[in-house]
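Here is a colleague's note for someone opening this entry for the first time. Please keep the sequence and the model in view while going through the points.

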Amino acid sequence: MIENISAIIQKMIDMSNGNLHDINHFMKVYAFSRMIGLQEGLPEITQTILEVTAVIHDIACPLCREKYGNTNGKFQEQEGILLARSFLSDMKLSDETKERIIYLVGHHHTYTDIDGMDYQILLEADFLVNADESKMSLTAIKTARERFFKTKVGIGLLDSMYLKERKTKS
């Protein structure tokens, strides 16, 4: 279904202007999204939407840094809609698929009214990465688990990555 996910990834890398944090972030979110979606058995079109969105979900970060001096989630959502629409314009995806991707880019920091497994998994995958990158507290991670993690695979990853007792080296 995806015309060429590697071409989409390359296009996002090029748009990132060498910002390795941004590139590494969306690649990790993409990997977790793909993994969770496949293990949860998403239909092919939903998996496609999820994977493309995971790659471009933070498309507005460079603009937000320039325009606002930060990458606040609400600014990302607001600015990301037009950028995602432009990014997707020449891709061989149905208009309905493009609109769903744009919607998700415009809501990827909104944890209410989650309407679909693509949206749910995107939030979970982004959180898995953000929890590490922002050095989130154990309390915040536990709260997120209770409040919005829903997929079996996402919960398992969160538990395995952050909530299991760590063994120390002898």
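Does Tyr68 count as buried, partly exposed or exposed?

1. In this predicted model, Tyr68 has a relative accessibility of 26%, and because buried means under 20% and exposed over 50%, Tyr68 counts as partly exposed. Phe75 is likewise partly exposed, at 26% relative accessibility.

2. Tyr68 and Phe75 form an aromatic pair, with 3.8 Å from centre to centre and 10° between the planes, and this pair is stacked. The count of aromatic pairs comes to six.

3. The rings of Phe148 and Phe149 have centres 5.1 Å apart and planes at 35°, so this pair is tilted. Phe148 is buried, with a relative accessible area of 8%, and Phe149, at 4% relative accessibility, also counts as buried. Both residues belong to one aromatic cluster, which they form with Tyr111 and Phe127.

4. A ring also takes part in a contact with a charge, for the charged end of Lys11 sits over the ring of Phe87, at 4.3 Å from the centre of that ring.

5. Turning to open space, the largest pocket holds about 210 Å³. Its lining is made up of 13 residues, of which His21, His25, Thr71, Asn130 and Glu133 are the closest to the centre of the pocket. The elements that contribute two or more residues to this lining are α2 (20-39), α4 (61-68) and α7 (117-133).

6. As for the character of that lining, seven of its residues are polar and five are charged, while one is nonpolar.

Notes
Residues are numbered from 1 along each chain as its sequence is written. This is a predicted model: local features need pLDDT of at least 70, side-chain atom pairs count only at pLDDT 80 or more; totals for chains, interfaces and linings use all residues. Side-chain values use heavy atoms; hydrogens and water are left out. On a 1 Å grid over the protein atoms alone, a cavity is a set of points where a 1.4 Å probe fits but cannot get out, and a pocket is an open set with protein on both sides within 12 Å along at least five of seven lines; lining residues have an atom within 4 Å of a point. Grid points are joined across faces, edges and corners, and a volume is the space filled by probe spheres set on the points. Helices (H or I, at least four residues) and strands (E, at least two) are DSSP runs, numbered from the N terminus. Ala, Val, Leu, Ile, Met, Phe, Trp, Tyr, Cys and Pro count as nonpolar, Asp, Glu, Lys and Arg as charged, and the others, Gly among them, as polar. Rings of Phe, Tyr and Trp (its six-membered ring) pair if their centres lie within 6.5 Å; planes under 30 degrees apart count as stacked, over 60 as edge-to-face and the rest as tilted. Buried means under 20% relative accessible area, exposed over 50%, partly exposed in between (1.4 Å probe, protein chains only). A charge sits over a ring if NZ of Lys or CZ of Arg is within 6 Å of the ring centre and within 35 degrees of the ring normal.
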